[in-house]
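Take a look at the structure below. The text after it walks through helix packing and ring contacts.

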Amino acid sequence: MGRLYGAEQIPAVKTGADLLFSGLSHSWLTGARIGLMTNPTGITVNFVSTVQVCAGLADTRLTALYACEHGLDGELQAGVRFGDRMHPRLGIPVFSLYGEHKKPTPAMLAEVDTVLFDIQDVGVRYYTYASTLFHMMEACAEAGKRLLVLDRPNPLGGDEVEGGLLSAGYESLVGAWRVPVRTGLTVGELALLVNSEMEVPCELDVIVMEGWRRSMEFTNCGLPWMLPSPNMPTLDSVRVYAGTCLFEGTNVSEGRGTTRPFEWIGAPWIEGERLAERFREHKLEGVHVHPVYISPTFSKHAGELCGGVRIFVTDSRAFRAVDTGLVLLHELASLYPEQFRWLEPPQPGSRYFIDLLTGGRKVRDVIHDREELVRLMEDWKAEAEEWKERRKPFLLYP
């Protein structure tokens, strides 16, 4: 763990931002105009923002900032679009990559030589930050710009992998590449892998962390936890997210508007005790679900009393978030066939959101059939093992 010496913390892990702040040099920065893609998680162990770090680099000029979903300051709820603006203190543009454009335009990169990326990812395919990074990589390749990733820990460690691979034709901002639900990679490792598979790769490098090992969860790193988005407040939220985010594609609340987002799921027509009893029959390891009744303050079923269950992770090593989410979906679809439903596509011919999340339509097709669901879960485990082999050349940490 990190230790405190006066006001200075000595971390067990030094992130790319920490190394840059402590004086690490890189040839792509010397004499360069730089752009920075970041949010409040771009912070050093001593609580200096990466914006401040980059603005203070010698012989380097910060000329642009890039904001992903939730905004540069992390103030916006999921799905809220926003436009470009000028930074109030630095007087440089803050370009939105979650508004009219998801991929930077040539004009957004015109005054930049090197783009830096410093955002705390959660290692789950649905999370939009990595997808936005992939779009930046494409734009940098087309514009002849360099991209430097300041690496950060995968908060759940780098050993475990979960979920099936994204199928062709289901690419979106909640899944932009053929990767599993839970990648088991840092964002730097993931960028290297995807860049190697792009038709036109960009000039990419990673400032590798010091002290991080694949077995380490975030709580072992000695680093401050800044919530990566408004509904990802704690590591407990991150642990279950790969499974309960699937409820974003349904009429069941995934816990937004409660004090336990993604740790609780519910709806007015759910009997929490009945759902918990049915869930326990599957005998999944490392998890307990407990009936809890809540009235969300916003988002789905705001102001309504909802029955549901809270997910407790009792053994983080044995816990499988994706399997947990699939079993809960199966039981709700079986127990409440008249009430449970998938959210309809926003327009005719577009994809169901659950299909974009799961990377195909198989889950929607088999969720009512327990034998077919078990077969799907086994297939996804096999795909996860294939992924472990595919990722090997890009592992940066022991």
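What follows covers the helices, then the aromatic side chains.

The model is predicted. Start with helix H6, residues 235–244. This helix is mostly covered, with 9 of its 10 residues buried. They are Leu235, Ser237, Val238, Arg239, Val240, Tyr241, Ala242, Gly243 and Thr244. What do the buried residues of H6 pack against? Their partners are strand S10 (264–267), strand S12 (306–313) and helix H8.

H8 spans residues 321–335, and it leads on to two helix pairs. Two packed helices are described by the angle between their axes and the distance between the axes.

Take H7 and H8. H7 runs over residues 272–280. The axes of H7 and H8 come within 10 Å and cross at roughly 125°. An angle of that kind falls outside the parallel, antiparallel and perpendicular ranges, so H7 is oblique to H8. The crossing of these two helices is right-handed. On the H7 side, the contact is made by Arg274, Leu275, Arg278 and Phe279. H8 contributes Thr324, Val327, Leu328, Glu331, Leu332, Ser334 and Leu335.

Now turn to H8 and H11. Helix H11 covers residues 370–391. It packs with H8 at an angle of about 165°, and the axes are 11 Å apart. Angles over 145 degrees count as roughly antiparallel, so H8 and H11 are roughly antiparallel to each other. H8 passes H11 in a right-handed crossing. From H8, the contact uses Val322, Asp323, Leu326, Val327 and His330. From H11, it uses Arg370, Leu373, Met377, Trp380 and Lys381. Val327 of H8 is in the contact with H7 and also in the contact with H11.

Next come the rings. How many aromatic pairs does the structure hold? There are 10. One of them joins Phe340 and Trp342, which meet edge-to-face. Their ring centres are 5.1 Å apart, with 80° between the planes. Phe340 is buried, and Trp342 is buried too.

Rings also gather in a group. Tyr126, Tyr127, Tyr129, Tyr241 and Phe262 form one aromatic cluster. Tyr241 links back to H6, where it is one of the buried residues.

Charged side chains meet rings as well. Which ring does the charged end of Arg351 sit over? It is the ring of Tyr170, with the charged end 3.9 Å from the ring centre. Arg364 lies over the face of Tyr352, at 3.9 Å from the centre of that ring.

Definitions and conventions: Residues are numbered from 1 along each chain as its sequence is written. This is a predicted model: local features need pLDDT of at least 70, side-chain atom pairs count only at pLDDT 80 or more; totals for chains, interfaces and linings use all residues. Side-chain values use heavy atoms; hydrogens and water are left out. Rings of Phe, Tyr and Trp (its six-membered ring) pair if their centres lie within 6.5 Å; planes under 30 degrees apart count as stacked, over 60 as edge-to-face and the rest as tilted. Buried means under 20% relative accessible area, exposed over 50%, partly exposed in between (1.4 Å probe, protein chains only). A charge sits over a ring if NZ of Lys or CZ of Arg is within 6 Å of the ring centre and within 35 degrees of the ring normal. Axes are lines fitted to C-alpha atoms, for helices over the stretch in contact, and angles run from 0 to 180 degrees between N-to-C directions. Helices (H or I, at least four residues) and strands (E, at least two) are DSSP runs, numbered from the N terminus. Angles under 35 degrees count as roughly parallel, over 145 as roughly antiparallel, 65 to 115 as roughly perpendicular and the rest as oblique. A crossing is left-handed if the near helix is turned anticlockwise from the far one by less than a right angle, and right-handed if clockwise. Contact means heavy atoms within 4.5 Å.
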